[in-house]
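Biologist: I have a model open and want to learn how to read its helix packing. Can you take me through it?

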Amino acid sequence: MKKYENQLPTTMTMGWKSMISMLRDSLTRAANRRPKAVIEAETFLPAETISISDAPRVTWFGHSAFFLEIEGKRLLFDPMFGSRPSPVSWAGTKRYMSNLSVHLEDFPTLDAIIISHDHYDHLDYQSICKLKDKASRFFVPLGVRQRLIKWGVPSERITEHAWWEEVEFKGLTLACTPARHFSGRGLFDRDSTMWCSWVIAGKGTKVFFSGDSGYGPHFKEIGQKYGPFDLTLLECGQYDERWSSIHMMPEETVQAHLDLGGQLLIPVHWGAFTLAFHAWTDPVERVTEAALNHQVRISTPKIGETVVITSEDFPTSLWWRGL
């Protein structure tokens, strides 16, 4: 079985000390790891038509799922709309919200679905099954194509890509770029598929999505090759010092944005599931403070709230406080 590797050494094995400390943390149950009240999401209804002249927009659905409307194209990223990021429906952490901000049947025809890697919280079987007939194309990192074919996605609609590979698609340039993470959906397939970030470059707008990634020099490399970016959507959540090489701390999220030459930052990979030991609001509190300290423009939309990428008027409410 082919194994993929990160650009630089990335330790992901846990020693006994780390395992014991994780067991302790799981038993002590840190406060505020889930919302105490219902998250009121914005109801999202996609526009029936969009034109190339419409302002580019992005709508975040919690965790890393988002919908990008850019230069007349509709792109859906890491569409995990299931109730649990788990191989079974009865085990694993449960989504904070029982009602999604969008019904999958309400999505119009999608120009493409784009996947960053094969982990359950990014690649969801039920979501793909419901969306596969709506998407004209699927863009995935190496190895993930076979998974989608097994789930009934026609092979001719899927292309898979290595790091630094570019593809022209309906007037957009999509670039599969590095991330610092790992892959696998079972006990014996670790690193058997590639993980990545994505660049989406139109004629007038550039967007970057980090996928899951620890901090590293790849952000500056991507920024030098493809930046500056009008918008970055960067992972910010599910971190821990014990696995900091594969998930950034919030302060590193801001530094990655600066490395990329980003204009507006939207932190993602939080707001839907508890996959780490920190408080559920810790990511957004820390990243907004770090952004303020570095004079970074940051938007904190409600789940389902649309952001006009090029507008000076973007959501900055502290909607999570009190939940």
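Biologist: Which residues of α4 meet α5?

Modeller: This is a predicted model. From α4 come Phe219, Lys220, Ile222 and Gly223. On the α5 side they meet Ala256, Asp259 and Leu260. By class, the residues of this contact divide into four nonpolar, one polar and two charged.

Biologist: How is the geometry of such a pair described?

Modeller: Two packed helices are described by the angle between their axes and the distance between the axes. Here α4 spans residues 218–226 and α5 spans residues 250–260. Their axes are 7 Å apart, at an angle of about 30 degrees. That makes α4 roughly parallel to α5, because angles under 35 degrees count as roughly parallel.

Biologist: Which residues of α5 are buried?

Modeller: Pro250, Thr253, Val254, Ala256, His257, Asp259 and Leu260 are buried. Ala256, Asp259 and Leu260 also belong to the contact with α4.

Biologist: What do the buried residues of α5 pack against?

Modeller: Two helices, α4 and α6, and the strands β10 (206–209), β11 (229–235) and β12. Right after α5 comes glycine 261, with a positive phi near 75 degrees.

Biologist: Now α6. What span does it reach from its first C-alpha to its last?

Modeller: Helix α6 covers residues 282–293, 12 in number. It reaches 17 Å, close to the 16 Å expected at 1.5 Å a residue.

Biologist: Which residues of α6 are buried, and where do they lie around the axis?

Modeller: The buried ones are Pro283, Val284, Val287, Thr288, Ala290 and Ala291. They cover an arc of only 165 degrees around the axis, so they sit on the same side of α6. Their cover includes α5, β12 (262–268) and β13 (297–298).

Biologist: What does the face turned away from the buried side carry?

Modeller: That face of α6 carries the exposed residues Glu289, Leu292 and Asn293. Just after α6, glutamine 295 takes a positive phi of about 55 degrees.

Biologist: One loop residue to finish. Where is glycine 72?

Modeller: Glycine 72 is in the loop between β2 (66–70) and β3 (73–77). Setting aside residues up to four places away in sequence, it touches Ile50, Ser51, Ile52 and Asp111.

Biologist: How does glycine 72 count by accessibility?

Modeller: Its relative accessibility is 25%, so glycine 72 counts as partly exposed. The cut-offs are under 20% for buried and over 50% for exposed.

How values were computed
Residues are numbered from 1 along each chain as its sequence is written. This is a predicted model: local features need pLDDT of at least 70, side-chain atom pairs count only at pLDDT 80 or more; totals for chains, interfaces and linings use all residues. Side-chain values use heavy atoms; hydrogens and water are left out. Axes are lines fitted to C-alpha atoms, for helices over the stretch in contact, and angles run from 0 to 180 degrees between N-to-C directions. Helices (H or I, at least four residues) and strands (E, at least two) are DSSP runs, numbered from the N terminus. Angles under 35 degrees count as roughly parallel, over 145 as roughly antiparallel, 65 to 115 as roughly perpendicular and the rest as oblique. Contact means heavy atoms within 4.5 Å. Ala, Val, Leu, Ile, Met, Phe, Trp, Tyr, Cys and Pro count as nonpolar, Asp, Glu, Lys and Arg as charged, and the others, Gly among them, as polar. The expected span of a helix is 1.5 Å times one less than its number of residues. Buried means under 20% relative accessible area, exposed over 50%, partly exposed in between (1.4 Å probe, protein chains only). The arc is that of the directions from the helix axis to the C-beta atoms.
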